[in-house]
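Biologist: Would you take a close look at one part of this model, the second largest pocket, and then explain how its surroundings are built? I should be grateful for one connected account that a first-year student can follow.

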Amino acid sequence: MNFKFLIFFLIFGISHYGYSNCNARIQAATKAESLASKTGKGIAKIFTFDWRDIDFDEKLLQFLKVRTVSNNEFFNPQIEVCDYTGDNCARLYSGTLCHKVYGTQTTGAGVSAKVFIDWDRISITDKIDGLEWEWAEGVTDEAKEKFASFPKICACSQKTACAGYIFASDTTQQSCDTCTWGSNGQQKIKCVPIPRTPTPPPFCQYLSSVTEQIKIIPVADEENDYFLPRVAVKVNNERKMLDIEKNQNKTLSFRGTTYHFKTDKRDGQICAAYWGKGEKRSQLQFPERCFPAPNAPEPEIDRVTSGNSLRIKVKMSKDACGRFVRNDTYREGYCIIDIDSYRTQKIGDFSLKVVKPKIEQKTIDDILMSKVLSKQNKFRILKDNDCIPSVIQSAEDIISVEYQNNKEAKELNRAKMLCISGWQPDPDEFILIDLNDDNIVPLRLKGARYDKYVAIYSQESNKLFYEKLEYNGRLLQDKKDKLNDILFDNEGNIFFAEERKTDSGTCSVASDAEAEDKKRKVTTQCIVYKLVNSEQYINKDTYEEYNISKYLHDNAKMDKHDYAMDGYRRYIRKDNDKPFYMPIKVDRAEVFYADKLCTFDLESLQQDIQGRIRQRLQDKKREMEKDNIRSGLHEYEALDLSQYEFVDIEAWGGGEDGNLAENRLGMPGDYVKARLSINRDYPFITMEMIKAVENIESGTLESVGSAHSIIIKMCQDREAKVCKPLIKVAGGKRSGEDKTTIYEPSLPLQVDIVTGDKVNSSEDNKIAYIEDGQIKYGGVRSCGFNNKSIKYGAGGCINKHNKSYSKGCSGGVVIKPILHEITEDEIKNLINSIVSGRDGDIAIANSNPVKIFGIGLIKQIVNEAIKRDLSCN
């Protein structure tokens with residue numbers, strides 16, 4: 001019958017069986033194990049024909065039996081915890097959690113024990129953490145009365161906290177169960193008084209002289225590692241390191257003997273408890289020792305390795321790098337890690353990958369992201385182009401960030417902001433925004449630190465009186481050379497012998513009043529250090545909520561958008577009347593710490609836009625060069641070449657008239673084609689025609705007609721007051737002195753000269769001219785005096801039959817200024833300087849493109865390309 005009921009219960013009962021004040025699954029598992037025990041016990045009796053004691057007592061899975069311990073002591077009290085029948089007993093110290101007493105612990109059916117000290121001296125008529133308490137078995141009536149107002153060591157049952165399937169918080173793990181078992185009632189907390197210290201109280205002497213054979217001590221900050229945290233274990237004079245992992249059993253060997261430990265990580269603390277030595281683990285030997293966990297290092301973004309990948313540097317030990325990544329990626333104290341958006345990289349407790357926020361157009365109310373982007377120059381490009389990460393705010397003051405998936409990021413090649421996701425050493429659930437300091441401040445910071453106190457013992461109440469002192473909390477750094485000498489009192493406080501005097505009158509007094517008085521006067525003696533959870537919350541004495549409408553009414557000059565973010569709770573500083581907003585709950589915090597966890601892929605942006613920018617600048621360059629070409633048959637104002645790199649010159653001397661006397665065509669003027677560097681001392685260039693030459697025999701000037709020479713000059717000023725000859729191009733009719741000449745041989749980079757005296761034709765109605773560096777001949781319809789060619793420097797024609805000829809054509813000059821060629825490196829430097837706000841640097845200002853185009857035009861072209869590529873409309 002019982003067996004059938006058990007099967008029915010296991011199939012249908014678990015989901016329906018429950019009690020009002022206890023986890024239904026725990027209740028169901030306990031009931032199921034109780035029924036199974038009864039059934040199993042009954043079947044066993046059938047086979048053995050032993051019909052005695054056939055029933056199973058379900059209270060074994062519900063209650064504990066707790067007893068006092070003889071010869072208990074104040075400094076290290078114990079309490080005996082047994083199962084309900086008084087078997088399976090163990091003497092336990094304060095700090096014990098989830099000590100298995102009876103049954104299956106992992107399902108929650110079994111009963112376990114927690115041991116703690118009630119330092120608050122709760123009265124028998126009051127409750128401890130909501131549960132009734134009573135004196136344990138063996139406590140005499142005299143002791144109950146005598147120690148009623150003294151600290152007591154207590155034990156309670158634990159089921160939920162110890163079940164293997166429960167994802168228990170640190171608070172849950174330390175909680176007593178509140179299960180009610182029908183008519184059997186509820187397990188009460190059981191307590192045993194802690195006796196007075198001996199008289200005279202050897203409190204300080206005891207604390208300063210205690211030497212444990214086995215000590216668990218902290219490790220100095222520089223010796224520890226966030227990813228592989230350790231504590232030191234000292235057995236006599238031998239010291240070894242113990243690796244700390246969450247809720248793990250560990251062993252160390254000293255001189256051939258095995259020592260058992262249990263380690264844990266919680267609330268920013270690393271903890272280790274000693275559970276005896278020998279082949280098997282026995283029981284907790286003294287209270288668990290906890291110390292501040294090493295601080296998590298901040299990751300450093302080394303570089304963007306691709307559009308979806310980052311290379312980061314994390315400070316850690318070589319052992320940690322080898323375990324979580326690879327040994328060959330360790331460089332000078334840093335582990336080099338490549339992460340991307342496609343898979344997760346596990347590093348200790350962190351699961352890292354790359355995320356890419358969606359980017360949207362900034363609106364006037366986006367104060368939050370504007371403040372974030374203002375903190376780092378690398379995000380200036382987003383801020384300057386009115387683009388910000390997309391932040392969604394709910395009505396419950398919860399904000400979240402939209403991130404692109406891989407498909408979106410590939411399709412929208414504009415996702416240039418990359419963030420490290422998963423770096424949450426102690427997640428900050430809330431933040432506040434201080435509009436005045438451009439800060440995003442974590443509202444809650446988890447962690448552990450040491451507070452420093454003066455501790456005075458009172459014989460009257462058998463308790464310590466504490467006075468807090470100013471202290472930076474960095475005990476493990478300040479005392480790094482003395483950590484081996486750490487001592488613990490029975491409350492788990494740390495102290496050092498030299499900071500606690502050994503005479504009884506220094507740290508111990510007779511009455512509470514004396515203790516209260518003395519604790520305020522002593523500052524360098526009787527010192528202890530308490531390990532505390534450090535949590536930062538908003539100080540309500542400094543800030544208060546304010547009414548935005550009233551604030552704007554009282555401060556009429558304020559722009560509403562400077563101080564209003566709909567839905568956010570608004571606070572104001574009492575000391576300066578300046579507003580900010582808080583608190584905001586965030587589900588993923590990467591972009592809110594963009595200065596540490598995000599970067600901007602400037603190189604990718606440069607690659608995307610530099611081709612377009614270079615093309616724009618090249619087009620502008622050709623336009624400027626074209627606008628400054630000078631050509632023609634006339635003299636003109638000096639041309640300024642100061643911003644140019646080179647000048648190309650083509651020049652023709654004037655052509656000779658057709659020569660009937662010698663029965664030949666007129667000689668074309670000489671031709672020069674040259675590329676010259678610019679003389680920066682003579683940056684202006686001009687020309688003039690030489691229309692007459694000196695007759696050496698007569699000493700007079702004779703006109704050369706159309707066959708004039710051309711002088712190209714370089715000048716210091718636009719008015720051509722101070723000039724030097726640069727090139728002379730001779731005309732077609734020349735004297736012995738009239739030759740084509742290069743006056744500045746250091747300037748030409750390339751020169752081609754073709755003289756016109758190589759003409760060898762006497763055909764009628766033909767002209768000779770120079771084009772493309774060669775003498776060419778062309779026909780004319782009629783050869784007359786006024787029928788001149790349109791070719792620069794062409795000679796005149798003849799017509800022997802008509803006895804006619806034509807004048808030679810005037811010479812001409814074509815001047816083409818050539819600007820500096822724009823390189824890819826220059827484009828990169830310009831983009832980088834503009835987006836990072838360094839466009840005023842001397843090196844940038846002196847660069848060739850800036851000299852040519854001016855920084856204003858370049859910024860316009862760059863920003864237009866960026867806006868197009870980052871388009872976040």
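Modeller: A pocket is an open set of points on a 1 Å grid, with protein on both sides within 12 Å along at least five of seven lines, and its lining residues are those with an atom within 4 Å of a point. The model to which this is applied is predicted.

The second largest pocket has a volume of about 300 Å³. Its lining is made of 18 residues, and Val304, Phe600, Asp601, Leu602 and Glu603 are those that lie nearest its centre. Four elements each supply at least two residues of this lining: the strands β16 (300–306) and β39 (598–600), together with the helices α16 (602–627) and α17 (824–835). In character, the lining of the second largest pocket is mixed, with five nonpolar, nine polar and four charged residues.

The chain around this pocket should now be described. It has 873 residues, of which 48% count as buried. Its secondary structure comprises 20 helices and 55 strands. Among contacts with a separation of 6 or more, 63% are between residues 24 or more positions apart.

Some of the buried residues are gathered into nonpolar cores. The largest nonpolar core has 85 residues, and those with the most contacts inside it are Phe227, Leu382, Ile613, Ile649, Ile712 and Leu726. Phe227 may serve as an example: leaving aside neighbours within four places in sequence, Phe227 is in contact with Pro297, Val314, Lys315, Met316, Ala320, Phe324, Ile347, Gly348, Phe350 and Trp423. Another core, of 37 residues, lies apart from the largest one and includes Leu252, Leu475, Cys507 and Val522.

A pocket is open, whereas a cavity is a space that the probe cannot leave. Two cavities of 30 Å³ or more are counted here. The largest cavity holds about 90 Å³ of space. It is lined by 13 residues, and Ser677, Ile678, Tyr682, Met714 and Leu726 are the closest to its centre. The strands β43 (671–677) and β44 are the elements that give two or more residues to this lining. The lining of the largest cavity divides into 11 nonpolar, two polar and no charged residues. Leu726 therefore appears both among the residues with the most contacts in the largest nonpolar core and among those closest to the centre of the largest cavity.

The second largest cavity contains about 30 Å³ of space. Its lining consists of Gln62, Ser157, Lys159, Asp177, Thr178, Cys179, Trp181, Gln186 and Gln187. Two of these lining residues are nonpolar, five are polar and two are charged.

Charged side chains also pair with one another elsewhere in the chain. Side chains of opposite charge can pair when their charged atoms come close. The structure holds 39 salt bridges. One of them joins Arg343 to Asp340, with 2.9 Å between the closest N and O atoms. The partners differ in their surroundings: Arg343 is exposed, at 58% relative accessible area, while Asp340 is buried, at 9%.

Arg718 and Asp640 form another salt bridge, at 4.0 Å from N to O. Arg718 lies in the loop between β47 (709–715) and β48 (723–729), and Asp640 lies in strand β41 (residues 639–640), so this pair ties together parts that are 78 residues apart in sequence. Both partners are partly exposed, Arg718 with a relative accessible area of 36% and Asp640 with one of 26%.

A further salt bridge links Lys713 with Glu688, where the closest N and O atoms are 3.2 Å apart. Since Lys713 belongs to strand β47 and Glu688 to strand β44 (residues 684–690), the pair ties together parts that are 25 residues apart in sequence. Glu688 counts as partly exposed, at 27% relative accessibility. Strand β44 thus contributes to the lining of the largest cavity and also holds a salt-bridge partner. In addition, Glu132, Glu134, Lys188 and Lys190 are linked in a network of salt bridges.

A single loop residue may close the account. Glu402 is placed in the loop between β25 (398–401) and β26 (403–404), and Glu402 is partly exposed, with a relative accessible area of 31%. Not counting residues up to four places away in sequence, Glu402 touches Pro357, Lys358, Ser390 and Ile392. Glu402 and Ile392 are 10 residues apart in sequence, and their C-alpha atoms are 7.4 Å apart in space.

Terms used: Residues are numbered from 1 along each chain as its sequence is written. This is a predicted model: local features need pLDDT of at least 70, side-chain atom pairs count only at pLDDT 80 or more; totals for chains, interfaces and linings use all residues. Side-chain values use heavy atoms; hydrogens and water are left out. A salt bridge is a side-chain nitrogen of Lys or Arg within 4 Å of a carboxyl oxygen of Asp or Glu. Buried means under 20% relative accessible area, exposed over 50%, partly exposed in between (1.4 Å probe, protein chains only). On a 1 Å grid over the protein atoms alone, a cavity is a set of points where a 1.4 Å probe fits but cannot get out, and a pocket is an open set with protein on both sides within 12 Å along at least five of seven lines; lining residues have an atom within 4 Å of a point. Grid points are joined across faces, edges and corners, and a volume is the space filled by probe spheres set on the points. Ala, Val, Leu, Ile, Met, Phe, Trp, Tyr, Cys and Pro count as nonpolar, Asp, Glu, Lys and Arg as charged, and the others, Gly among them, as polar. A nonpolar core is a set of buried Ala, Val, Leu, Ile, Met, Phe, Trp, Tyr and Cys residues joined through side-chain atoms within 4.5 Å. Contact means heavy atoms within 4.5 Å.
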